[in-house]
Amino acid sequence: MTTTTGNPPIPLELVDLLYSTENVTVLTGSGISAESGVPTFRDAQTGLWAQYNPHDLATPEAFERDPRLVWLWYEWRRRLIADAIPNSAHTALVELEQLILHFRLITQNVDGLHEKAGSESIIELHGNILRTKCYEDGQIIEKWDDDDHIPPHCPDCNGLLRPDVVWFGEALPNEALTAALRASQNCDLFFSVGTSSVVQPAASLADHARQSGAAIVEINLAPTPLTPFADFVLRGSAGQIIPMLVESTFHK
Ligand code: OAD
């Protein structure tokens, strides 16, 4: 394993690998959006789960108990995200997508910042907070009457509306999970960026990639359970490292 924290932070061996490969898969987590002002989940002090209990806000049981509280909490997060601007890490991934023949981007993030940055094909494993669906039948709903009820009602079946995100205890969208598995098993280079690598099944995608022969690169401020299995560990902020990686590989 090669770990770099200093200057130059990008090992030449990795530059050569990225330059020559046609199959790259990137998995991102909330750390990539931290520099856009979107809170992560597990960072001490600032992480959402350090301040709020997910069992009160991010489970079907919580919604059944207090749908108003859950809806309002997601409204607050939506407002935070609405003001957020993609950072240099999101933008560098857009460039990488254009430079690599088979590039797949898998995200656990629900903030829509990859799309806002201009990434074209994104596998959203945990849904998207900007979308709304019916709690009863899961149908995506784009417009509803503002009847002052919180949460609003589904215009089709009068059920309650909820954000289209995956809550604890819920299955991931099948199509996204299948695509993510395929992307992980069919790459030569797998990047794990800004994720604590503790939430399954996303955390095991790197294992699938490794077992299929891919080299694993971790970009993170701190060690994670994936660190010992990574071929390259780039210790630092995604907003600094990913642009540097693209620059060192394709512009020198
Ligand atoms: P976590 O909060 O668990 O982890 C964030 C990771 O990002 C940590 O490992 C940090 O060290 C790292 N990090 C923070 N700032 C960074 C930066 N600027 N550059 C690089 N790394 C940085 O967030 P996730 O791994 O995304 O699920 O959490 C996974 C899932 O758990 C989320 O999708 C969410 C949550 O419960 C659902 O909501 C279903």
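A pocket is here an open set of grid points with protein on both sides within 12 Å along at least five of seven lines, and its lining residues have an atom within 4 Å of a point. The model is predicted.

The second largest pocket is lined by 17 residues, and Glu 124, Gly 127, Arg 131, Pro 173 and Ala 176 lie nearest its centre. At least two lining residues come from each of strand S4 (122–124), strand S5 (127–134), strand S6 (161–165) and helix H9 (174–185).

The largest pocket has 46 lining residues, with Ser 30, Phe 41, Arg 42, Gln 108 and Ser 196 nearest its centre. Helix H2 (31–34), helix H6 (67–82) and strand S8 (215–220) each give at least two residues to this lining.

Volumes and lining classes are set out below.

| Pocket | Volume | Nonpolar | Polar | Charged |
|---|---|---|---|---|
| Largest pocket | about 910 Å³ | 23 residues | 18 residues | five residues |
| Second largest pocket | about 290 Å³ | eight residues | two residues | seven residues |

The ligand takes up the space of the largest pocket. Around the ligand are 24 residues, of which Ser 30, Arg 42, Thr 195, Ser 196 and Asn 220 come nearest. By class, this shell holds nine nonpolar, 12 polar and three charged residues.

Polar side-chain atoms approach oxygen atoms of the ligand from Trp 49, at 2.9 Å, and from His 126, at 2.8 Å. At Ala 238, a backbone N or O atom lies 2.9 Å from a nitrogen atom of the ligand. On its own the ligand has 800 Å² of accessible area, and the protein covers 93% of that area.

Key
Residues are numbered from 1 along each chain as its sequence is written. This is a predicted model: local features need pLDDT of at least 70, side-chain atom pairs count only at pLDDT 80 or more; totals for chains, interfaces and linings use all residues. Side-chain values use heavy atoms; hydrogens and water are left out. On a 1 Å grid over the protein atoms alone, a cavity is a set of points where a 1.4 Å probe fits but cannot get out, and a pocket is an open set with protein on both sides within 12 Å along at least five of seven lines; lining residues have an atom within 4 Å of a point. Grid points are joined across faces, edges and corners, and a volume is the space filled by probe spheres set on the points. Helices (H or I, at least four residues) and strands (E, at least two) are DSSP runs, numbered from the N terminus. Ala, Val, Leu, Ile, Met, Phe, Trp, Tyr, Cys and Pro count as nonpolar, Asp, Glu, Lys and Arg as charged, and the others, Gly among them, as polar. A residue is near a molecule or strand if one of its heavy atoms lies within 4 Å of it. A polar contact is a pair of N or O atoms within 3.5 Å; within protein, one must be able to donate a hydrogen and the other to accept it, and residues adjacent in sequence count only if both atoms are side-chain atoms. Accessible areas come from the Shrake-Rupley method with a 1.4 Å probe; for residues, only the protein chains shown count as cover. A molecule sits in a cavity or pocket if more than half of its atoms lie within 2 Å of its grid points.
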